[in-house]
Amino acid sequence: MKRLILVTGILALAAPLALAQTSTWKSDPAHSEVDFTILHLSVSHVHGRFGHVDATLVLNAADITKSTVTATIDVTGVSTGEPARDSHLKTDAFFDVATMPSATFTSTSVSKNADGTLSVVGNLTLHGVTKPVTLLVEGPTAPVPGMDHKNHVGFGASTTISRAAFGIGAKFPAAVLGDDVKIVIELDAAQQ
């Protein structure tokens with residue numbers, strides 16, 4: 001009888017823990033961003049930033065490979081610090097924000113690397129083209145309480161994509177505008 005009570009007690013305690021292994025986190029728009037770098041005229045790198053990023057992460061603490069990431073990036077807010085260039089980037093010569101105002105990312109797999117980083121593979125849809133990409137991710141950081149009384153964690157991620165593969169700036173040769181675009185993502189995510 002004591003054994004039955006003990007087993008029942010353990011199962012009662014284990015049920016909430018099993019549910020707590022999966023948690024949902026949303027990006028904090030005031031502290032998250034997507035930046036890019038591209039080579040210009042083979043001599044200097046131009047840096048830019050996209051607008052608002054809305055990401056949802058479902059983290060599985062027991063098995064990180066069962067975690068998922070989805071994100072929507074507001075491409076209409078592209079900014080390089082030069083208004084004339086930013087206006088040009090918004091035209092159909094580049095991002096065509098009038099017809100394709102956002103980019104999306106949906107993970108297809110998550111794996112843990114030997115150095116503790118994560119590899120998040122997924123489909124990036126940008127400029128109406130969907131291609132697989134791999135994000136190298138650092139994080140999550142240890143949770144800290146935010147001013148919103150929610151736990152927050154941080155993630156840093158990077159990848160390099162081919163501008164030509166996504167049909168962006170197709171009229172510009174690589175000698176004028178590099179093909180490799182480095183993307184760096186910084187996310188502050190709040191637990192939901």
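In which strand is the place of T159? In this predicted model, T159 lies in strand β10, which covers residues 151–162. T159 has a relative accessibility of 11% and counts as buried, because the cut-off for that label is under 20%. Its side chain is not without a polar partner: from T159 the side chain reaches the backbone oxygen of T134 at 2.8 Å. With residues up to four places away in sequence set aside, T159 touches V133, T134 and L135, and also V181, K182 and I183.

One of those contacts, K182, leads on to the pairing of the strands. K182 belongs to β11, where it is the bridge partner of T37. The two strands concerned, β2 (residues 33–40) and β11 (residues 177–191), run antiparallel to each other and are joined over seven bridges. Strand β2 also pairs with β3 (residues 44–49), again in the antiparallel sense, this time over six bridges. Within that second pairing, D35 has R49 of β3 as its bridge partner. Three residues separate the strands in the hairpin of β2 and β3, and here L41 adopts a positive phi near 55 degrees.

Attention can now turn to the nonpolar interior. The largest nonpolar core is made up of 41 residues, and F50, L57, F95, F105, L126 and I161 are those with the most contacts inside it. At least two residues of this core come from each of β2, β4 (53–60), β5 (68–74), β6 (102–112), β7 (118–126), β8 (129–138), β10 and β11. Of these, β11 gives the most, with six residues. For a closer look at one member, L126 is a handy choice: apart from its neighbours within four places in sequence, L126 is in contact with V75, F95, A103, I161, F166 and I168. Two of these partners, F95 and I161, are themselves listed with L126 among the core residues with the most contacts.

The loop between β10 and β11 offers a contrasting setting, and K171 is found there. Is K171 buried or exposed? With a relative accessible area of 81%, K171 is exposed, because that label applies over 50%. K171 can also be placed relative to a residue elsewhere in the chain: K171 and A93 are 78 residues apart in sequence, yet their C-alpha atoms are 7.6 Å apart in space. Side by side, then, the two residues give opposite readings, with T159 of β10 buried and K171 of the loop exposed.

Terms used: Residues are numbered from 1 along each chain as its sequence is written. This is a predicted model: local features need pLDDT of at least 70, side-chain atom pairs count only at pLDDT 80 or more; totals for chains, interfaces and linings use all residues. Side-chain values use heavy atoms; hydrogens and water are left out. Two strands pair if DSSP finds at least two bridges between them. Helices (H or I, at least four residues) and strands (E, at least two) are DSSP runs, numbered from the N terminus. Buried means under 20% relative accessible area, exposed over 50%, partly exposed in between (1.4 Å probe, protein chains only). A polar contact is a pair of N or O atoms within 3.5 Å; within protein, one must be able to donate a hydrogen and the other to accept it, and residues adjacent in sequence count only if both atoms are side-chain atoms. Contact means heavy atoms within 4.5 Å. A nonpolar core is a set of buried Ala, Val, Leu, Ile, Met, Phe, Trp, Tyr and Cys residues joined through side-chain atoms within 4.5 Å.
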